[in-house]
Amino acid sequence: MNRFPEIELRHLRYAAAIAEAGTVTEAARRLHIAQPSLSQQLAALERRVGTRLFERTAQGMRLTAAGRVLLDSFDRAADELRAGLALAREQPLPTRVGLCRGVSRSVLARVEELATVGRPLDLAYEPVDSYRQAELLRTGRLDLGVLRPPVDAGGLTTYVLSDEPLGIVLDRRHPLAERPTLAWADLTDLRLLWFSRNRAPGYAAAVLAHLRTHGWTPSITVDDHAGHTLFRHALLTHPDLVALRPRALVADDSDLAWRAIAPDPPHEVLALAARTGTLWERLLPTPAQPYSS
């Protein structure tokens, strides 16, 4: 709110500048406005206050008693306003963060580290599949998004949070678990426990295409369960079933093994996205890039 009543803050700022400069001409120069315009603004302020604020003398402009009272009040009000603005900026900013499934604790910690630089945020996470986040970010229903590119993300800016190789996850008792690294030929007869491609169609298509280039076209078993319990149950009860995950997601499970694939494993990229031109975009460190699929 910048009016009180019928007096604008800029009029008071102009009067303060005249009192400091001593002349209308010098005040106009400092304010980068035309001298006739400043004289008109001062006349309008005096009409609204209902009294003269300055005495026009040969030496310049001198505050009247009324002018001094008004500007002293303005100085106190300006100090209060500056203090209020500072306190307002210190309040945590409510921030809605879309979160795709399967994000490790370390990546989530990185998100919170980035998001709280410069000002406190009140982060509220919402589970949202990668393909839906782009539109929610563009329409302002999400402020930040953690997603797996590529997605249709025109108008967004993204920052890569992690770029991790995918490895094979399998029952620790499986014969292949005895090997530190698996070759592509080792995977030929294995089925793949995979997620529904609708959750991240661009990422799913890219990974499966990568597998095909190395001669593995697995039969897909779709895992639509969000929890780790049913994921591990499927792997522990079906010897021909394996999964592809970054190592960090299964490192704490003593019944499952993670084995690297060589050469040229597929990768999982996770990105932090914000709508271009918003204050949340400024949270993204450089280099952050506008993204297009």
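Helices and strands here are DSSP runs, helices (H or I) of at least four residues and strands (E) of at least two, and they are numbered from the N terminus. With that in hand, welcome to this structure, which is a predicted model. The tour below goes from a turn in the backbone to paired strands, a helix face and a pocket.

**The loop between strand 14 and strand 15**

Asp264 is found in the loop that lies between strand 14 and strand 15. The residue is not a glycine, and yet Asp264 has a positive phi of about 55°. Asp264 is partly exposed because its relative accessible area of 41% falls between the 20% and 50% cut-offs. Pro263 has its place in the loop between strand 14 and strand 15 as well. The peptide bond that joins Ala262 and Pro263 is cis, with omega at about 0°.

A cis bond also turns up at a pair of prolines: the one from Pro149 to Pro150 has omega near 5°. Pro150 sits in the loop between strand 7 and strand 8.

**Strand 15 and its partners**

Which way do strand 7 and strand 15 run relative to each other, parallel or antiparallel? Strand 7 (residues 144–147) pairs with strand 15 (residues 267–275) in the antiparallel sense, over three bridges. In this pairing Gly145 stands opposite Ala273 of strand 15. Strand 8 (residues 156–165) runs antiparallel to strand 15 too, and nine bridges join them. Here Thr158 is the residue that stands opposite Ala273. Ala273 therefore has Gly145 facing it from strand 7 and Thr158 facing it from strand 8. As background, side chains in a regular strand alternate between the two faces of the sheet.

**A hairpin and its surroundings**

Now to an earlier part of the chain. Strand 3 (residues 54–57) and strand 4 form an antiparallel pair with four bridges. Two residues make the hairpin connection from strand 3 to strand 4, and Thr57 stands opposite Gly60 in strand 4.

Thr64 lies in the loop between strand 4 (60–63) and helix 4 (65–90). Leaving aside residues up to four places away in sequence, Thr64 touches Arg52, Leu53, Phe54 and Glu55. Glu46 is placed in helix 3 (residues 35–49). With the same kind of sequence neighbours left out, up to four places away, Glu46 touches Thr51, Arg52, Leu53, Phe54 and Arg56.

What about Thr64, buried or exposed? Thr64 is buried, because its 15% relative accessible area is under the 20% cut-off. Glu46 is buried too, at 12%.

**Some residues and their exposure**

His32 lies in the loop between helix 2 (24–31) and helix 3, and it has a positive phi of about 60° although it is not a glycine. Glu135 belongs to helix 6 (residues 130–138). Glu135 and Asp152 are 17 residues apart in sequence, and their C-alpha atoms are 8.3 Å apart in space. The table sets out exposure for several residues named so far.

| Residue | Relative accessible area and class |
|---|---|
| Glu46 | 12%, buried |
| Thr64 | 15%, buried |
| Glu135 | 38%, partly exposed |
| Asp264 | 41%, partly exposed |
| His32 | 72%, exposed |

**One face of helix 8**

Helix 8 covers residues 228–237, and Phe231, Ala234 and Leu235 are buried in it. Looking down the axis of helix 8, its buried residues fall within an arc of 95°, so they line one face of the helix. What do these buried residues pack against? Their partners are strand 9 (167–171), strand 11 (191–194), strand 13 (241–245) and strand 14 (256–262).

**The largest pocket**

Helix 8 comes back at the last stop. The largest pocket has a volume of about 710 Å³. Its lining is made up of 31 residues, of which Gly102, Val103, His228, Arg245 and Leu249 lie nearest the centre. Helix 5 (105–115), helix 8 and strand 13 are the elements that give two or more residues to this lining. How many lining residues fall in each class, nonpolar, polar and charged? The lining has 14 nonpolar, seven polar and ten charged residues.

Key:
Residues numbered from 1 in each chain as written. Predicted model: local features only at pLDDT ≥ 70, side-chain atom pairs only at ≥ 80, totals over all residues. Heavy atoms only, no water. Buried < 20%, exposed > 50% of the residue type's maximum accessible area, 1.4 Å probe, protein only. Arc of directions from axis to C-beta. Contact = heavy atoms within 4.5 Å. Pairing = 2+ DSSP bridges. 1 Å grid on protein atoms, 1.4 Å probe; cavity = no way out; pocket = protein on both sides within 12 Å on 5 of 7 lines; lining within 4 Å. Points joined across faces, edges and corners; volume = space filled by probe spheres on them. Nonpolar A, V, L, I, M, F, W, Y, C, P; charged D, E, K, R; others polar.
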